[in-house]
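Please open the structure in your viewer and keep the selection panel at hand. The tour goes from one residue to its surroundings, then to the whole chain, and ends with a few further selections.

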Amino acid sequence: NWPGTTNIPDEERGLGNHYPMYFVSWSDTQNYLAALNAHIVATGQGAGTMRLPTEAEWEYAVRAGTDTRFYWGDDPTYTQIGNHAWYKNNASSAREVGLKLPNNFGLYDMSGNVYEWCQDWFGDYTEDSLIDPMGPESGTRHVIRGGYWDDEARRCRSAYRYPWSPGIRTHFLGFRVAR
């Protein structure tokens, strides 16, 4: 069991060690991260600074130095997406991580497979040019990014974002940890 996940049945956490952790609410991620950080401190492994990425950090990570629709290029007719993402045309459930091509940073499954929680509350973007912007200080829904295995290809693009209620768990929603 992962710290903070003892109340989540095994069949709802993914299919094995090589699958993304999914069926977790934003609130579940916060419990897990608190337990993980306490474990890191208790075992003398550091200060315990694990957290969810901000939306800006998540987009920086997915783009990996690109400014195209997808991290592998613009792909206007979606001819390359199957090499990089699990989505509606090539998957019927969450899939093992690392079977598609990574982005330029070596990160796998940034598009498709499962949506990923971000730390930020969902809000409209400002017109201002900002460096590493933060979302609103409060709200009712958090940002999820990345698309998932039953999404259309267009929802797997690097800039796609969606608001999701923090207490809801579902079969297509997971997370990635930042430090």
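Begin by selecting Leu173 and displaying what it contacts, where contact means heavy atoms within 4.5 Å. Once neighbours within four places in sequence are set aside, Leu173 is in contact with Met21, Tyr22, Phe23, Val24, Val114, Tyr115, Glu116, Trp117, Ile144, Trp164 and Ile168. This is a predicted model, in which local features need pLDDT of at least 70 and side-chain atom pairs count only at pLDDT 80 or more, while totals for chains, interfaces and linings use all residues. Residues are numbered from 1 along each chain as its sequence is written, and side-chain values use heavy atoms, with hydrogens and water left out.

**The nonpolar cores**

A nonpolar core is a set of buried Ala, Val, Leu, Ile, Met, Phe, Trp, Tyr and Cys residues joined through side-chain atoms within 4.5 Å; buried means under 20% relative accessible area, exposed over 50%, and partly exposed in between (1.4 Å probe, protein chains only). Select Tyr115, Trp117, Phe172, Leu173 and Phe175, which touch the most other members of the largest nonpolar core, a set of 24 residues. The elements that contribute two or more residues to this core are helix H1 (26-42) and strand S1 (115-121), and H1 supplies the largest share, 5 residues. For a second, separate core of 14 residues, select Ile81, Val143, Ala153 and Cys156, which are among its members.

**The whole chain**

Now switch to a cartoon view, with helices (H or I, at least four residues) and strands (E, at least two) taken as DSSP runs and numbered from the N terminus. The protein has 3 helices and 4 strands, and along the sequence they follow the pattern α-α-α-β-β-β-β. Its radius of gyration, taken over C-alpha atoms, is 16 Å, close to the 16 Å given for 179 residues by the globule rule (2.2 Å times the number of residues to the power 0.38), so the protein is as compact as a globular protein of that length. Measuring along the principal axes, you should find that the C-alpha atoms fill a box of roughly 50 × 40 × 30 Å. Of the 179 residues, 45% are buried, and among contacts with a separation of 6 or more, 65% are between residues 24 or more positions apart.

**Helix H2 and its cover**

Select helix H2 (residues 55-63), where Glu55, Trp58, Glu59, Ala61, Val62 and Arg63 are buried. The cover over these buried residues includes S1, strand S2 (142-145) and strand S3 (161-164). Just after H2, Ala64 takes a positive phi of about 50°.

**Two partly exposed residues**

Move on to Arg69, which is found in the loop between H2 and helix H3 (81-84) and is partly exposed, with a relative accessible area of 29%. Not counting residues up to four places away in sequence, Arg69 touches Asp74, Asp75, Pro76, Tyr78, Arg157 and Ser158. A distance label between the C-alpha atoms of Arg69 and Tyr87, 18 residues apart along the chain, should read 16 Å.

Which residues does Val41 contact, leaving aside its neighbours within four places in sequence? They are Gly46, Ala47 and Gly48. Val41 has its place in helix H1 and is partly exposed, with a relative accessible area of 47%. As a last selection, take the C-alpha atoms of Val41 and His84, which lie 43 residues apart along the chain and are separated by 36 Å.
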